[in-house]
Amino acid sequence: VDGFTENDFFQLFVDERLIELMVTETNRYATQWIEAHPETMEKPRTRVKAWTPVTTEEMKKFLGVTLLMGVIHKPTIQNYWSTDPLLHTPVFKAVMERDRYLLILKFLHFADNRQQPDQRDNNRDRLFKVRRFLSLLGERFQEVYTPRADMAVDESLMLWKGRLSFKQYLPMKRSRFGIKSFHLCESTGYVYRFEVYVGAQAATVIDEAIPEAARGMLKTEKLVIYLMGPLLTHGHNL
């Protein structure tokens, strides 16, 4: 679009609220971790001794470097700062020093660990660590764009092979193992609303959010009502 840069579009979605959340919670966790590990701070060669609170500007640089890593693939994170002529990519060092990047990555957080629900509670919010981040991002998806008439609901699988209680195995998907989410998309492919699947707990969340008249429907029907919630009665075709 004329007059808009890639950064303008990025900041439409990752706005100052999201950046401030990341800055606040990363600094909070760093303080908590350092207080809980005084023995580490006594070691002469520990990188953590160099920690200083991350700033808004630094967090934006951190995100930029991380996104660029998805475009330029290298075997390890350290390789991005390598001076080896076969691996050297000067932009990374120009934006942020390697040790500073690794420190921010170590402490990167989106929620206060002290508020974390009891892990023994089967009804706990399994997305607690990123819930606020996802909520703010989801709000922006709906605030900055008015979708056209034709909409569609589909599922997506984000590759993840680590340990996770709600990890899914879908053999028909390219990733096969990962985190499943449901998307309400416009005909252009724009994701207007999404919901991460966390197992049976998701049914309770959806039941609380949909109209009472829809609570007797099948699970898949209730999911559609839930995702379409902000657009119901607005004349869209699903």
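Two residues are in contact when heavy atoms of theirs lie within 4.5 Å. With that in mind, begin with the whole protein chain of this predicted model: of its contacts between residues at least 6 apart in sequence, 59% join residues at least 24 apart.

**The whole chain**

Show the protein chain as a cartoon and follow it from the N terminus, where the elements run α-α-α-α-α-α-α-β-β-β-β-α-α, which comes to 9 helices and 4 strands. Along the principal axes, the C-alpha atoms fill a box of roughly 65 × 50 × 35 Å. If you switch to a surface view, you are looking at about 15100 Å² of exposed area, 55% of which is supplied by carbon and sulfur atoms, while buried residues make up 36% of the 238 residues in the chain.

**Helix α6 and its cover**

Next, select helix α6, which spans residues 98-107, and display the side chains of its buried residues, namely Arg100, Tyr101, Leu102, Leu103, Ile104 and Phe107. Which elements cover them? The cover includes α2 and α4, and both are worth colouring before you go on.

Now add Val54, which you will find in the loop between α3 (38-41) and α4 (56-69). Val54 has a relative accessibility of 4%, so it counts as buried, the limit being under 20%. Leaving aside its neighbours within four places in sequence, Val54 is in contact with Val23, Thr26, Asn27, Met59, Arg100 and Ile104; two of these contacts, Arg100 and Ile104, are among the buried residues of α6 that you have already displayed. From Val54 you can also draw a distance to Phe107, which is 53 residues away in sequence and 9.9 Å away in space, C-alpha to C-alpha.

Staying with Arg100, bring in Trp51 as well: Arg100 lies over the face of Trp51, at 4.8 Å from the ring centre.

**Aromatic pairs**

A search of the whole structure finds 15 aromatic pairs, and this tour stops at two of them. Select Tyr29 and Phe107, whose ring centres are 6.0 Å apart and whose planes stand at 65 degrees; because an angle over 60 degrees counts as edge-to-face, that is how this pair is classed. Why does the pair tie together parts that are 78 residues apart in sequence? Tyr29 lies in helix α2 (residues 16-36), whereas Phe107 lies in helix α6, so the pair links those two helices. Both Tyr29 and Phe107 are buried.

For the second stop, select Phe182 and Tyr197, another edge-to-face pair, with 6.1 Å from centre to centre and 85 degrees between the planes. Phe182 belongs to strand β3 (residues 177-186) and Tyr197 to the loop between β4 (191-196) and α8 (201-209), so this pair ties together parts that are 15 residues apart in sequence. Are these two residues buried or partly exposed? Phe182, at 14% relative accessibility, counts as buried, whereas Tyr197, with a relative accessible area of 24%, is partly exposed. Add Lys180 to the view, and you will see its charged end over the ring of Tyr197, 4.7 Å from the centre of that ring.

**A cluster and a surface patch**

Then select Phe13, Phe141, Tyr145, Tyr190 and Phe194 together, since these residues form one aromatic cluster.

Finally, return to the surface view and pick out Phe4, Phe9 and Leu12, a nonpolar patch with about 260 Å² of accessible area together. Of this patch, Phe4 lies in the segment before α1 (6-13).

Note on methods
Residues are numbered from 1 along each chain as its sequence is written. This is a predicted model: local features need pLDDT of at least 70, side-chain atom pairs count only at pLDDT 80 or more; totals for chains, interfaces and linings use all residues. Side-chain values use heavy atoms; hydrogens and water are left out. Rings of Phe, Tyr and Trp (its six-membered ring) pair if their centres lie within 6.5 Å; planes under 30 degrees apart count as stacked, over 60 as edge-to-face and the rest as tilted. Buried means under 20% relative accessible area, exposed over 50%, partly exposed in between (1.4 Å probe, protein chains only). A charge sits over a ring if NZ of Lys or CZ of Arg is within 6 Å of the ring centre and within 35 degrees of the ring normal. Patches are made of residues with over 30% relative accessible area and no salt bridge: like charges are joined within 9 Å, nonpolar side chains (Val, Leu, Ile, Met, Phe, Trp, Tyr) within 5 Å. Accessible areas come from the Shrake-Rupley method with a 1.4 Å probe; for residues, only the protein chains shown count as cover. A salt bridge is a side-chain nitrogen of Lys or Arg within 4 Å of a carboxyl oxygen of Asp or Glu.
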